[in-house]
Structures are given as structure tokens and as C-alpha cells.
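Colleague: Could you take a close look at one part of this model for me, the salt bridges? I'd like to hear how they are laid out and how covered their partners are.

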Amino acid sequence: MDKNQLRINIKIEGRVYPLNIDRKDEERHRVAAKTVNETVNKFKTLFRDKDARDILAMAAFQIALNQTELLEHADKSLFVDELKNLNDDISDFLKEKSEE
């Protein structure tokens, strides 16, 4: 393993998963594991009668849904920004034409 790599242990639902990651990504991996554990714990509280497999599936689905919503929002933001830029360009063009 090179000096930019780091071996960490991520604990999810009581199980330890060793990972080799880039040092710069350590915090991202730890935050992701924390998110998974928090989501699992939330579903455990809400659905006490479900088994661990169902809880993990619901947590995975919730996290994937959140990610999908974020991606859609990001895509719309880019589109809105492009529309604003285009509107500014058109306004500038029309100002120049009216000044001629």
C-alpha cells in the first residue's frame, strides 16, 4: 500500500469491514458509514418486528432515494444556472443592439 493509501475499518450494523482507501477520502467513508448506521437505527425503531435483512434493505433504499433526489436537484440547478446565463447573454445582446 502506498503512502497515499490508508486501511480503515468501517463498522456497519455490528460488523467490521476493512477498506483500503485514499487518505483524502477517509472522512467521506466515515460519514457514509455513520449515515448507514443512523438510517438502520431509525428503521429498527420504526419497524421492531422486521428482521435485520429487511431493515438493511429499507435503509439501503432510503439512502439511494436520498441520493437520487440530490442528483435530480443538482441537475436542475445546473439547468437553471445555464438558463440564467443565457438570459443574461440575451439581455446584453439586446442592450447592445438598442444602443446602436
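Modeller: Searching the whole structure, which is a predicted model, turns up 6 salt bridges. Let's start with E13 and K44, whose side chains meet at 2.7 Å, N to O. E13 sits in the loop between strand 1 and strand 2 (15–22), while K44 belongs to helix 1 (residues 26–46), so this pair ties together parts that are 31 residues apart in sequence. How covered are the two partners? E13 has 27% relative accessibility, so it counts as partly exposed, and K44 is partly exposed too, at 36%.

Now for helix 1 itself. E26 and R30 form a salt bridge at 3.0 Å, N to O. Both are in helix 1, 4 residues apart, which is about one turn of the helix. E26 comes out as partly exposed with 27% relative accessibility, and R30 is partly exposed with a relative accessible area of 36%.

Further along there's K34 with E38, where the closest N and O atoms are 3.9 Å apart. That still makes the list because the cut-off is within 4 Å. Here too the partners share helix 1 and lie 4 residues apart, about one turn. K34 has 53% relative accessibility and so counts as exposed, since the label applies over 50%. E38, at 46%, is partly exposed. Besides these pairs, D22, K24, D25 and R28 are joined into one network by salt bridges that share partners.

What about charges with no such partner? D88, D89, D92, E96 and E99 make up a negative surface patch, and patch residues are by definition ones with no salt bridge. D88, one of them, is in helix 2 (residues 52–99) and is partly exposed, with 44% relative accessible area.

Helix 2 also holds I90, which is part of a nonpolar surface patch of about 670 Å² made with F79, V80, L83, L86, F93 and L94. I90 is partly exposed at 42% relative accessibility.

One last contact, this time without charges: the structure holds 1 aromatic pair. The ring centres of F43 and F47 are 6.0 Å apart with planes at 15°, so the pair is stacked. F43 is buried at 8% relative accessibility, whereas F47 is partly exposed at 31%.

Technical notes: Residues are numbered from 1 along each chain as its sequence is written. This is a predicted model: local features need pLDDT of at least 70, side-chain atom pairs count only at pLDDT 80 or more; totals for chains, interfaces and linings use all residues. Side-chain values use heavy atoms; hydrogens and water are left out. Patches are made of residues with over 30% relative accessible area and no salt bridge: like charges are joined within 9 Å, nonpolar side chains (Val, Leu, Ile, Met, Phe, Trp, Tyr) within 5 Å. Accessible areas come from the Shrake-Rupley method with a 1.4 Å probe; for residues, only the protein chains shown count as cover. Lys and Arg count as positive and Asp and Glu as negative; His and the chain ends are not counted. The place of a charge is taken as NZ of Lys, CZ of Arg, CG of Asp or CD of Glu. Helices (H or I, at least four residues) and strands (E, at least two) are DSSP runs, numbered from the N terminus. Buried means under 20% relative accessible area, exposed over 50%, partly exposed in between (1.4 Å probe, protein chains only). Rings of Phe, Tyr and Trp (its six-membered ring) pair if their centres lie within 6.5 Å; planes under 30 degrees apart count as stacked, over 60 as edge-to-face and the rest as tilted.
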